[in-house]
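Subject: Structure handover

Hello,

Here is the structure I promised to pass on. Please have a look, then read my notes underneath.

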Amino acid sequence: MAIIGIDLGTTNSLAAVWRNGKSELIPNAAGEFFTPSAVSVDDDGSVLVGRAAKDRLISHPERTAARFKRYMGTKKTFQLGDHSFTPEELSALVLRSLREDAEAYLGEPVTEAVVSVPAYFAEAQRSATKRAGALAGLHVERLVNEPSAAAVAAHIAEGDQDKVCLVFDLGGGTLDVSLVERFENVISVTAVCGDNQLGGTDFDWAIAEAFCRETGVDMEALSDREEELLVRQAEICKIALTTQEPVIMAIDDGAISAASLTLTNEWLIRSCSALFHRLAAPVRKVFLDGGMSMGELDELVMVGGSSHMPSVRCYVARLLGREPAKGSSPDTAIALGAGVCAGMKERAGDLKELVLTDVCPFTLGIASYNRAEPDRPIMSSLIERNCVLPSSREGEYFTVYDDQETISVKVYQGENFYCADNTLLGELNIQVPRARRGRQSVRVRFT
């Protein structure tokens, strides 16, 4: 039974396998490596996944869903005709399609996968990804951060050169930035930062909104079909700007009657200025967290489909004073890296000496008593963000009033001082003997 690596993307998903000493992309039933992350329900109740579903986004928007990766770990539901789906159920349909394509290509059952996730995915989003794998018939014991997977792919391609790399991963829905040190057979992630609500989709919407603003189209008056058509046209023009300019964005449909606009990369930067400012913040923060200066950087690796955009590449290159490395494929690097990680999980002989260390993207801790404001417990951190994993940390916590019989251990994730501003992951109540305050305690260990 084979273990495969999967890049479960916002826009497209890919699968890879480690065999014959290399990571190999797996084609789908149509012979393509890219499977659109889209799901549609036909009139007869049958479910379509991939290209067939994406083609129905405009013709049947009420029966089709895409970009659902952004809502992983939330309670949002998608109504497709008479059927209701959670984000993980939709993701599971995409994963099942990838699994079946892999089984057909490899000629053997596939029951396990290493799935890549944004480095800045929180615990709820990671758990939802694992649940999606289980629903798809895949055991997902290991998740690998997308920039880490890209770094692994670069390391395999370039050999064991000593380098400090910045992996800038801008996909369809998320931005991840990681500082990575590579030496001999070790790939060590030093720091991660990112934005789970910034990706190529946001540029599509920004272009669509700017188009409406400059052509006098009332975007709020558009139907779902017209809105999807507008955003799809914005995406097409955004992609076209990677190889040519100017590009004419023209639509003549329904409420958008004979509207056209000339687009250039300079226009795109001006119209999406707020998004470009958001790109810079995680880049600056990751150097601060990693205790490095931009001058110590040896290589800039840009991955993710949206990093194809000339405006993005130019902006990041100017920010860092360094041109992106050539040779790596922004679209397939993460999938290929996930394939390498699958080989490591399978204990492939030619990968036995390769070591990948990652970091915890968020601080983990528990609520502790706040004497100044008893109703506002404060965060007592056990594992700090960017702490190298694996890690084990312990703390001791005491009773705070006389005759206390229970110590409540509430586990939080986040960087804020007050627990209310962080994310509650779970709670455990521990019984203790009655005594004077401060005489009884519990030891809490996170591993």
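The notes below cover the cysteines and one helix.

This is a predicted model, where local features need pLDDT of at least 70, side-chain atom pairs count only at pLDDT 80 or more, and totals for chains, interfaces and linings use all residues. Residues are numbered from 1 along each chain as its sequence is written, and side-chain values use heavy atoms, with hydrogens and water left out.

Cysteines. There are 0 disulfides in the structure (a disulfide is a pair of cysteine sulfur atoms within 2.5 Å). For cysteine 387, the closest cysteine sulfur is in cysteine 360, 7.0 Å away, and that is too far for a bond. Cysteine 419 is in no disulfide either; its nearest cysteine sulfur, again in cysteine 360, is 16 Å away. Cysteine 387 is buried, at 10% relative accessible area (buried means under 20%, exposed over 50%, partly exposed in between, with a 1.4 Å probe and protein chains only). Cysteine 419 is buried too, at 1%.

Helix H4. Helices (H or I, at least four residues) and strands (E, at least two) are DSSP runs, numbered from the N terminus. H4 covers residues 123-135. Its buried residues are Gln125, Arg126, Ala128, Thr129, Ala132 and Gly133. They fall within an arc of 160 degrees seen down the axis, so they line one face of the helix (the arc is that of the directions from the helix axis to the C-beta atoms). These buried residues pack against helix H3 (87-106), strand S10 (110-117) and strand S11 (139-145) (contact means heavy atoms within 4.5 Å). Just after H4, glycine 137 has a positive phi of about 80 degrees.

Best wishes

How values were computed. The expected span of a helix is 1.5 Å times one less than its number of residues.
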